[in-house]
Amino acid sequence: TPSGSERDRILLELTAGRALEKLGRFPEAFRHFRAGKQRHKALLAANHARYDPAGTQRDFDRIMALFDRPARAATGAAAGPSPIFIVGMPRSGTTLLEKMLCCLDTVEAGGENEAIEFLAARYYWELQRGKLPPPQQLDERSRQSLAGDYWRHTGAPAHIRTDKMPHNFRHIGLIAALFPAAPIIYLRRDPRDVCLSIYSRMFPDGHVYACDLDWLAHFYAQSTRLMAHWKKSLPGRILEIRYEHLVDRPEETTREIAAFCGLRWDRACLSFHEQPGPSYTFSEMQVRTPLNRAGIGRWRPYAAELAPLIQALEASRVL
């Protein structure tokens, strides 16, 4: 409406696109997605926000240089309880996996917890000022202090708590240093489906890359590069799960995840959609229905519109 805000108009464009997609009117749907994203991009630009590909690459380079080898092993009680960290690109299946894991005895949902982001900001700031040592030299006192901040922000759990903030993939080195026993599960999904799903939704302003297909392709490739570093520098600490395998072979995959987390598998994982409990992500409707392949290959009717994205992903060897 004329009186609506620009954010309202963006949401209307994206909602119209998803409605047209359900009707099979894919070219029209994509035009609305593009219009909504162009509006959002312009809104961010008016607030001096723009994705910086070179800056992102430099940031990830600095993280990899800092965490070029594992921190020294914990010697004491260390960090106390250990969460289960679920990471990956947004729209890669993290909400679904958390919902399934919370069907296991003693596991409770922590959702998209910002504690690690705050913790990382504190650590990098104090590292720069010389008040904390590099990760390889963290002593037990520093480790416990930082981990204690995590639980003060999060709240002490009665059971095992998940932490499924997708972008925590940037902080896996710090997570591994502070929580030596914490399982870290990395969700991967076809990047074309991930990028289309992000492009058809309005993400918070911090996800500036979500407004442009070139930016999306670049950020996805950088996330993959960083994850390759973590898997090399932290062997055995990360379990990589393909979303498509989780959907197609749920029992086999959830048994593997439960074993990795040191948990007893339960068939309730397969009927996760019947379990009570809120979900506050874009996946709210998906986790209320049984597993299905509806989102797998969603990109295919948009192959022409997504051609530049696909070419960029291929050039980065993500595909």
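Buried means under 20% relative accessible area. Keep that cut-off handy, and remember that you're working with a predicted model.

**Exercise 1. Work out how F219 sits among its ring partners.**

Step 1. Let's start with the big count: the structure holds 19 aromatic pairs. Take Y51 and F219, whose ring centres are 6.3 Å apart and whose planes stand at 80°. Planes over 60 degrees apart count as edge-to-face, so that's the label for Y51 and F219.

Step 2. Where do these two residues come from? Y51 belongs to the loop between α2 and α3 (53-66), while F219 is part of helix α9 (residues 213-233). They are 168 residues apart, so this pair links distant parts of the chain.

Step 3. Now try Y209 with F219. Their ring centres lie 4.1 Å apart with the planes at 5°. Planes under 30 degrees apart count as stacked, so Y209 and F219 make a stacked pair. Y209 is in the loop between α8 and α9, so the pair ties together parts ten residues apart in sequence.

Step 4. Buried or exposed: what are Y209 and F219? Both Y209 and F219 are buried. Y51 is buried as well.

Step 5. Put the pieces together: ring pairs join Y51, F60, F169, Y209, W215 and F219 into a cluster.

**Exercise 2. Find the charged groups that sit over rings.**

Step 1. Pick W215, one of the cluster members. The charged end of K41 sits over the W215 ring, 4.5 Å from its centre.

Step 2. Look for another case. R189 lies over the face of Y243, at 4.5 Å from the ring centre.

**Exercise 3. Describe how two pairs of helices pack.**

Step 1. Begin with helix α2 (residues 26-46) and helix α8 (residues 191-199). They pack at an angle of about 65°, and their axes are 10 Å apart.

Step 2. Which residues make the contact? From α2 come F30, F33, R34 and K37, and from α8 come L196, I198 and Y199. Sort them by class and you get five nonpolar, no polar and two charged.

Step 3. Next up are helix α5 (residues 115-128) and helix α6 (residues 140-154). Here the angle is about 145° and the axes are 9 Å apart. The crossing of α5 past α6 is right-handed.

Step 4. On the α5 side, the contact uses A115, I116, F118, L119, R122 and Y123. On the α6 side you'll find S145, L146, D149, Y150, H153 and T154. By class, that contact has seven nonpolar, three polar and two charged residues.

**Exercise 4. Decide whether L20 and S223 are buried, and list what they touch.**

Step 1. L20 lies in helix α1 (residues 6-22). Its relative accessible area is 12%, so L20 is buried.

Step 2. Skip the neighbours within four places in sequence. What's left in contact with L20 is R25, E28, A29 and H32. M89 is 69 residues from L20 along the chain, and their C-alpha atoms are separated by 26 Å.

Step 3. S223 is in helix α9. With a relative accessible area of 3%, S223 is buried.

Step 4. Use the same skip for S223, and its contacts are F60, M89 and F169. Two of those names, F60 and F169, should ring a bell from the aromatic cluster. As for C269, 46 residues from S223 along the chain, the two C-alpha atoms are 28 Å apart.

**Exercise 5. Compare the surroundings of two residues with a positive phi.**

Step 1. R91 isn't a glycine, yet its phi is positive, about 70°. You'll find R91 in the loop between β1 (84-88) and α4 (94-101).

Step 2. Check the accessibility of R91: it comes out at 13%, so R91 counts as buried.

Step 3. T106 also has a positive phi, near 75°, and isn't a glycine either. T106 lies in the loop between α4 and β2 (107-108).

Step 4. At 31% relative accessibility, T106 counts as partly exposed. To sum up, R91 is buried, whereas T106 is partly exposed.

Notes
Residues numbered from 1 in each chain as written. Predicted model: local features only at pLDDT ≥ 70, side-chain atom pairs only at ≥ 80, totals over all residues. Heavy atoms only, no water. Axes fitted to C-alpha atoms, helices over the stretch in contact; angles between N-to-C directions. Helix = DSSP H or I, 4+ residues; strand = E, 2+ residues; numbered from the N terminus. Contact = heavy atoms within 4.5 Å. Nonpolar A, V, L, I, M, F, W, Y, C, P; charged D, E, K, R; others polar. Buried < 20%, exposed > 50% of the residue type's maximum accessible area, 1.4 Å probe, protein only. Left-handed = near helix turned anticlockwise from the far one by under 90°. Phe/Tyr/Trp six-rings, centres within 6.5 Å; stacked < 30°, edge-to-face > 60°. Lys NZ or Arg CZ within 6 Å of the ring centre and 35° of its normal.
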